[in-house]
Amino acid sequence: MTEMNEAAPRRAVPLWAQIFVFAALIGLLALVGVTLNKRQQGTVQPGDQIPDFSMPLFSGYEYEGKSEVRFADLRGKVTVINFWASWCKPCEQEAAELQEAWEYYEPTGAVVFLGADYVDTEPEARVYLKKFGITFANGPDMGTRVSQLFRIKGVPETYFIDKRGVLRYVQVGPFLSVTDIQKQIDSLLAE
Amino acid sequence: MPRTLRNTKYVILLFLILTTLLASPAFAQGSNPPTDDEVNAIAKQLYCPVCENTPLDVCPTQACAQWRDLIRLMLSQGKGEAEIKQYFVDNYGARVLNEPPRSGLNWLAYLVPPLAILAGAFIVFRALRAWKKPATASPALQSEADAPADDYVARLEEEVRKRN
């Protein structure tokens with residue numbers, strides 16, 4: 001009976017093809033793994049050195065007269081980066097507080113406020129800035145490059161970076177008072 | 001009426017008719033705002049990056065409503081589909097496109113599914129062929145297979161024959 005089950009020899013898949021298929025599958029799985037890992041990383045963490053980036057600025061909201069700001073040029077100053085959007089209702093809760101804090105620190109020249117307008121349209125962004133009387137540097141996050149760099153999870157999010165370019169504190173969601181903002185900045189200025 | 005004056009009148013009339021005819025399409029194009037269908041034809045090719053996996057034409061968020069308004073505005077300014085899509089990619093990144101651009105690792109999205117289907121079809125084809133055509137045994141083996149399985153069965157059959 002055992003002889004009956006003996007099939008005629010079949011052509012096997014060549015070894016090189018088997019190796020190729022397995023290597024491709026492993027490569028694909030590795031790619032999926034890396035991507036998933038990157039997505040689950042969360043925002044940049046306090047203690048991380050923020051890499052250099054540049055961002056265009058809206059006309060009328062330039063930084064020291066320049067239409068583009070480079071993060072490297074902000075070294076030596078405490079930097080506050082606020083991600084917002086005109087369609088974001090929680091952003092409106094903290095807009096006035098951020099402006100108040102900016103007006104408080106602007107004369108010192110030791111603090112820079114930078115607004116990054118996330119996936120927004122310029123006309124609505126301008127209406128928002130005007131509505132809340134915002135005067136600090138603001139610009140569109142073109143291609144979501146800056147928000148991807150910070151791996152933001154939504155808006156509003158505010159990042160406090162010390163004079164050496166190291167992230168020190170992340171505020172996810174809106175600030176409820178100007179005192180909370182000042183507390184973060186003052187501790188960085190005192191260093 | 002002198003003949004030259006009559007001719008001049010005809011020329012002026014002809015000029016007015018021609019300029020009206022030539023100008024009217026441009027006037028119509030400029031005055032008619034883009035329809036919702038025209039806006040949605042482009043919007044459905046874009047995705048909302050705020051609420052993922054939602055096409056822009058059906059996305060209910062305020063952000064998407066603003067972007068549809070922006071598409072309408074750009075269409076009324078005479079901008080084409082490719083130009084508008086490029087604007088969105090420049091501003092919000094390539095992830096807003098419903099089809100990833102054919103470059104770099106994005107090629108995997110185009111190549112892997114058809115290759116996987118082909119590989120699957122090949123495996124199924126081989127399996128089906130193996131099931132349909134079972135290996136044919138040699139005649140010697142076949143006759144051996146037809147023989148009673150063991151002595152007990154042979155004797156049993158013999159006994160039955162004798163009784164009949």
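Pro156(A) sits in the loop between helix H4 (145-150) and S6 of chain A. In this predicted model, the peptide bond between Val155(A) and Pro156(A) is cis, with omega at about 0°. The loop between H4 and S6 of chain A also holds Arg151(A). Arg151(A) is not a glycine, yet its phi is positive, at about 55°. Arg151(A) counts as partly exposed because it has 14 C-beta neighbours inside 10 Å, and a residue is buried if the number is 20 or more and exposed if it is 12 or fewer.

Another positive phi occurs at Val119(A), near 30°, again in a residue other than glycine. Val119(A) belongs to the loop between S4 and helix H3 (122-131) of chain A. Val119(A) has 23 other C-beta atoms within 10 Å and is therefore buried.

**The sheet of chain A**

Five strands of chain A make up an open sheet with mixed pairing, in the order S5-S4-S3-S6-S7. Strand S5 (137-140) and strand S7 (167-172) of chain A are the edge strands, each pairing on one side only. On average, neighbouring strands of this sheet are turned by 15° against each other, direction ignored.

Two of the pairings can be described in detail. Strand S4 (residues 111-117) of chain A runs parallel to S5(A), and four bridges join them. Asp117(A) has Pro140(A) in S5(A) as its bridge partner. Strand S6 (residues 157-161) of chain A runs antiparallel to S7(A), and five bridges join these strands. Here Glu157(A) stands opposite Val172(A) in S7(A).

How do the residues of S5(A) point? Ala137(A) and Gly139(A) point one way, while Asn138(A) and Pro140(A) point the other way. All of these residues are buried. In a regular strand the side chains alternate between the two faces of the sheet.

**The nonpolar core**

The largest nonpolar core has 60 residues. Which of its residues touch the most other members? They are Ala85(A), Phe113(A), Leu114(A), Ile185(A) and Ala63(B). Helix H2 (residues 89-105) of chain A supplies the largest share of this core, six residues. In soluble globular proteins, nonpolar side chains tend to be buried together.

Leaving aside residues up to four places away in sequence, Ala85(A) touches Cys91(A), Asp117(A), Tyr118(A), Val119(A), Asp120(A), Val155(A) and Ala63(B). Several of these contacts lead back to features described above. Val119(A) is the residue with phi near 30°, Val155(A) is joined to Pro156(A) by the cis peptide bond, and Asp117(A) is the bridge partner of Pro140(A).

**Domains of chain A**

Chain A is divided into domain 1 (2-39) and domain 2 (54-189). The C-alpha centres of these domains of chain A lie 50 Å apart.

**Chain B**

Chain B contains seven helices and zero strands, giving the pattern α-α-α-α-α-α-α along the sequence. Of its 164 residues, 10% count as buried. Among the contacts in chain B with a separation of 6 or more, 41% are between residues 24 or more positions apart.

Two helices of chain B can be set out by span and burial. The expected span rests on 1.5 Å a residue, taken over one less than the number of residues.

| Helix | Residues | Number of residues | Expected span | Distance between end C-alpha atoms |
|---|---|---|---|---|
| H5(B) | 107-132 | 26 residues | 38 Å | 38 Å |
| H7(B) | 151-163 | 13 residues | 18 Å | 19 Å |

For H5(B), the distance between the end C-alpha atoms agrees with the expected span, and the distance for H7(B) agrees with its expected span as well. How many of the 26 residues of H5(B) are buried? The number is zero, so H5(B) lies largely in the open. The number buried among the 13 residues of H7(B) is also zero, so H7(B) lies largely in the open.

Leu97(B) is placed in the loop between helix H4 (81-92) and H5 of chain B. Leu97(B) counts as partly exposed because it has 16 C-beta neighbours inside 10 Å. Not counting residues up to four places away in sequence, Leu97(B) touches Leu46(B), Lys85(B) and Val89(B). Leu97(B) and Asn40(B) are 57 residues apart in sequence, and their C-alpha atoms are 14 Å apart in space.

Methods:
Residues numbered from 1 in each chain as written. Chains lettered and ligands numbered in written order. Predicted model: local features only at pLDDT ≥ 70, side-chain atom pairs only at ≥ 80, totals over all residues. Pairing = 2+ DSSP bridges. Helix = DSSP H or I, 4+ residues; strand = E, 2+ residues; numbered from the N terminus. Axes fitted to C-alpha atoms, helices over the stretch in contact; angles between N-to-C directions. Core = buried A, V, L, I, M, F, W, Y, C linked by C-beta atoms within 7 Å. Contact = placed C-beta atoms within 7 Å. Domains from an automatic or database assignment.
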